[in-house]
Amino acid sequence: MRQLFLRFYLTVVLCFLASALIIGGLYKHMIERINQHYLTDIFQTTISIVEEELGDLPQSIWHSEISRLRGKLPVPVEIEQLDAYTLSPPNRKALADGDIILLEDEDIYLHRIPDTQLIVVLGPVPYLNRLDNISWPDILGLLLMCAALGLPTWLWLRPFYRDLRSLIRQSRKMGSGDFQVRAELSENSPLSTLGSTFNRMAHDVQELTASRQQMIDAISHDLRTPLARMRYRLEALKAGAETDSQAAGMERDLEQIDQLVEEWLTLRKLERSQLKLEVQPIEMLPWLERQLTELAVGGTPVPLENATGMRAPLMSADSYYLSRVLGNLISNARRYGGGKIQVVLTWSDGVARLMVDDNGPGIPEAERERLLQPFERLESSRNRTTGGYGLGLAIVAMVMRGHGGNLRIETSPLGGARALLFWPTNMKDADKL
């Protein structure tokens, strides 16, 4: 607190002193100009009075007459010889021309009496000396004003420093691994915006850490099962079990591990912000028919309904990732449904909708949002015994967000679950191009 106060206080004081000097200099210059005109008028008036009073008198009594006039004049007046002062050539010339000159070192004004070798000496004038010098009351006043600036500086910095110390303590706790810490700052605090940002960051870090830990736990669990089976089969081979059946089982376990790693890598790739989708126009009906043929169950393609109102709709999407999305949804419908699957394509108001329906038990409404997170699975009908790793719907949701759309789970007209994909795109009729 001391160091922060001194830095801030010295900055305020130095700025104040600099401003005071600049403003004081300008004010002094302005006052000097005004006073110069004022004093010149006074001196000219005084000289006129002196010359009028002395004009008809002999020079021998001028000194005594000046002594009589001193009490009536606003400034001290003397009569001196022209050579009584050492003058510079410009001053001598000005004096010869009848001007009033100022000797700044002595604070006096000189004026030559016409047609004589005498000069009128006005001064010294103490007021002129006070204008050029800074007195001790001036210095004392500046010091008192600088000291007075310390109180508002301390009053402003004290809550600021208190809140700053609180943020430092909370950040150290978060740095040590306590992601539940939050900054508790008043809304009137100058650091309230920083505190809110800190709390959002702590919340995001906490959720990210929890998500990463959940992913690690899920991957460890899903890898442990095929690895345990492979270890069992190795022991069985050592004991003389049939080689072909055990090798086939080990191949299935390796394929399961490979599938998990592939889905995990796909998820990590989609999470990266630098991922760029290659969105291109696609003739949707031929493309969907080809994809559904490749995903056919028992040789029978999944039925496709075109509800776009066009015979050959042309839409924009990333064909590679959209095929991954469709494959995941068909796989889920096949794994969890009742054997009937249907795909419907629609378009309206600049938004394409691709729906995958099944006739399975469906998904409870309260669980639908949770299942869009990685490694989330139902604990009832759609559980680990049916296979899967809980990554399919998360990958679908990420791909659709990359398209500017999303995934929504609804109830299917077939009685099961409906996976609704929607993303913004224009639609054209390919037959008319």
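Here are three short exercises, with worked solutions, on a sheet and two helices in this predicted model.

**Exercise 1.** Work out the order of the strands in the open sheet, and find which strands lie at its edges.

*Solution.* Let's start with the order: the three strands run E5-E7-E12, with antiparallel pairing. Next, look for strands that pair on one side only; these are E5 (280-283) and E12 (428-429), the edge strands. Now zoom in on one pairing: E5 and strand E7 (residues 313-317) are antiparallel and are joined by four bridges. Within this pairing, Ile 282 sits opposite Met 315 of E7.

**Exercise 2.** Find the strands that helix H8 lies across, and give its angle to E5.

*Solution.* Take residues 284-294, which make up H8. This helix lies across both E5 and E7, and its angle to E5 is about 75 degrees.

**Exercise 3.** Describe how H8 packs against helix H9: are the two roughly parallel or oblique?

*Solution.* A packed helix pair is described by the angle between the axes and the distance between them. For H8 and H9 (residues 319-336), the angle is about 50 degrees and the axes are 11 Å apart. Angles under 35 degrees would count as roughly parallel, and 65 to 115 as roughly perpendicular, so H8 and H9 are oblique to each other. Their crossing is right-handed.

Finally, list the residues that meet. H8 brings Met 284, Trp 287, Leu 288, Gln 291 and Leu 292, while H9 brings Ser 319, Leu 322, Ser 323, Leu 326 and Ile 330. Sorted by type, the residues of this H8 and H9 contact are seven nonpolar, three polar and no charged.

Technical notes: Residues numbered from 1 in each chain as written. Predicted model: local features only at pLDDT ≥ 70, side-chain atom pairs only at ≥ 80, totals over all residues. Heavy atoms only, no water. Pairing = 2+ DSSP bridges. Contact = heavy atoms within 4.5 Å. Axes fitted to C-alpha atoms, helices over the stretch in contact; angles between N-to-C directions. Parallel < 35°, antiparallel > 145°, perpendicular 65-115°, else oblique. Left-handed = near helix turned anticlockwise from the far one by under 90°. Nonpolar A, V, L, I, M, F, W, Y, C, P; charged D, E, K, R; others polar.
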